[in-house]
Amino acid sequence: MDYTLEDTQRKEKLLRTVYALQVKSDATFQKASPLLNSHPGTGMVTEHQVHQLAEKAKVICHDLDNIKNSLYYRQDELVQQIPNPNGNHYGGVCGIHCSLDGLIYMTSENAPRVHFLNRSGQTFQSIPCVEWKKNETFLPEDVTVTRAGMVAITDLVNGTVRIFNNHSKFSKGEWLRIGKFCSPRGIGVDASGKILVADYTEGKVHSFALDRAFKVQSTHSVSNLRGPRYVCLAPEGGFVVSEECGDVKLFSSNHKLVSSITSKYGHCFGNPSGVCADREGNIIVADEQHQKVHLFPRSGSPICLVSKGLQRPMGIACSTQGLLLVADSGDNYVKVFKYRVRPHYSSDNLCISSDSPNLTPRGRAE
């Protein structure tokens, strides 16, 4: 990328500003700390001054978080488009999961098959969705992988969850029916290994464990949701669920509501669909109606990662390599975006003169 003189000047101004805040803050702290510790009271400092400073500090910290996030994340950086392995004979891609080792699992509307793709986006295995005992096909809605490494899908039409057992008596493996649900759509796995199922018309998210015989145990349900669609593991345990009626909610590991994305960030969704959480603890949400994808950071304002090029975003997933995968059912592609960068230098690599803020980075972000 070519940098202009304006880019260089903007960088220098930003670094000087941050450096000035750091110097002034450190100097004030070094002088104030011993005085406050050794003398009673706060001198001539009034309660109003403390309150004003605290409020201004909140604003400055929020602004600094936004600056950091704007440097770290990227928008509309499309790096690859993966066509639906089923072609255009069926509906568009809808469910997607990315494992820790980079493998991609994909489902499509009206296609009785789950595809496995490598990091390059090439299909290396497909599992037909056939119940061998009855010789009947079924349609997978969403897909995930259990802690034991087994593929699990939701079967909306038959109202069940199915897990593929490689070690069955059938040489090709066997899909096992797990539970009975009204309208299972999204599926995920929480931090304890329990399976999460978004039950759309019931307005619930169910969680349950499986024993070695695939028997359901430790069931629990969260109710009063408005059209739950997709569900995923939350950054600190618990789960995140998207509601078709316009919100995304975060629940703790004991199934208590932690926050609403709409309320916490003041963000207005159209029709939230796919959700995922990355390793930095950010929540990422696709909006089917607005045709965008937003990242909601731990601190700072929401960031639009994808603002154009989507037709009907459904399931999403993020990889440990800093890639965001969006299943676009509108044009039948999985679109891969590079949404964050990893700096090649640390704070120790910045040359900062004690006399003047002559800031020279010795490295550059990729």
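## Arginine 177 and glutamate 131

Arginine 177 is partly exposed in this predicted model, because its relative accessible area of 39% falls between the limits of 20% for buried and 50% for exposed residues. Its salt-bridge partner is glutamate 131, and the closest N and O atoms of the pair are 3.5 Å apart. Arginine 177 belongs to strand β11 (residues 174-178) and glutamate 131 to strand β6 (residues 130-131), so the salt bridge ties together parts that are 46 residues apart in sequence. Glutamate 131 has a relative accessible area of 11% and is therefore classed as buried.

In general, side chains of opposite charge can pair when their charged atoms come close. The structure holds 18 salt bridges. Some residues are linked in a network of salt bridges, namely Glu109, Arg229, Glu288 and Arg312.

## Glutamate 280 and its two arginines

Glutamate 280 is partly exposed, with a relative accessible area of 26%. This residue forms a salt bridge with arginine 279, in which the closest N and O atoms are 3.9 Å apart. Arginine 279 has a relative accessibility of 53% and counts as exposed, because the value is over 50%.

Glutamate 280 also forms a salt bridge with arginine 340, with the closest N and O atoms 3.6 Å apart. Glutamate 280 lies in the loop between β20 and β21 (283-287), while arginine 340 lies in the loop between β26 and β27, so this pair ties together parts that are 60 residues apart in sequence.

## The surroundings of arginine 340

The loop that holds arginine 340 runs between β26 (333-338) and β27 (350-351). Is arginine 340 buried or exposed? The residue is buried, because its relative accessible area is 4%, which is under the limit of 20%.

A polar atom of the arginine 340 side chain lies 3.3 Å from the backbone oxygen of threonine 320. When neighbours within four places in sequence are left aside, the residues in contact with arginine 340 include Tyr72, Tyr73 and Arg74, as well as Ser319, Thr320, Gln321 and Gly322. Arg279 and Glu280 are also among the contacts of arginine 340.

## Histidine 267

Histidine 267 is found in the loop between α3 (261-265) and β20 (272-277). Histidine 267 is buried, because its relative accessible area of 14% is under 20%.

Leaving aside neighbours within four places in sequence, histidine 267 is in contact with Ile261, Thr262, His294, Phe296 and Pro302. For histidine 267 and phenylalanine 296, the separation is 29 residues in sequence and 9.6 Å in space, taken from C-alpha to C-alpha.

## The two domains

According to the domain assignment, the protein has domain 1 (2-36 + 48-72) and domain 2 (78-338). Their C-alpha centres lie 39 Å apart. Six residues from domain 1 and six residues from domain 2 take part in the contact.

The size of an interface is often given as the accessible area lost when the parts come together. Between domain 1 and domain 2 the buried area is about 430 Å², and carbon and sulfur atoms give 41% of this area. On the side of domain 1 that touches domain 2, one residue is nonpolar, three are polar and two are charged. Which kinds of pairing are found across the interface of domain 1 and domain 2? There are zero salt bridges across this interface, but five residue pairs are in polar contact.

Notes
Residues numbered from 1 in each chain as written. Predicted model: local features only at pLDDT ≥ 70, side-chain atom pairs only at ≥ 80, totals over all residues. Heavy atoms only, no water. Domains from an automatic or database assignment. Contact = heavy atoms within 4.5 Å. Buried area = accessible area lost by both parts, 1.4 Å probe. Salt bridge = Lys/Arg side-chain N within 4 Å of Asp/Glu carboxyl O. Polar contact = N/O pair within 3.5 Å; in protein donor to acceptor, adjacent residues only side chain to side chain. Nonpolar A, V, L, I, M, F, W, Y, C, P; charged D, E, K, R; others polar. Helix = DSSP H or I, 4+ residues; strand = E, 2+ residues; numbered from the N terminus. Buried < 20%, exposed > 50% of the residue type's maximum accessible area, 1.4 Å probe, protein only.
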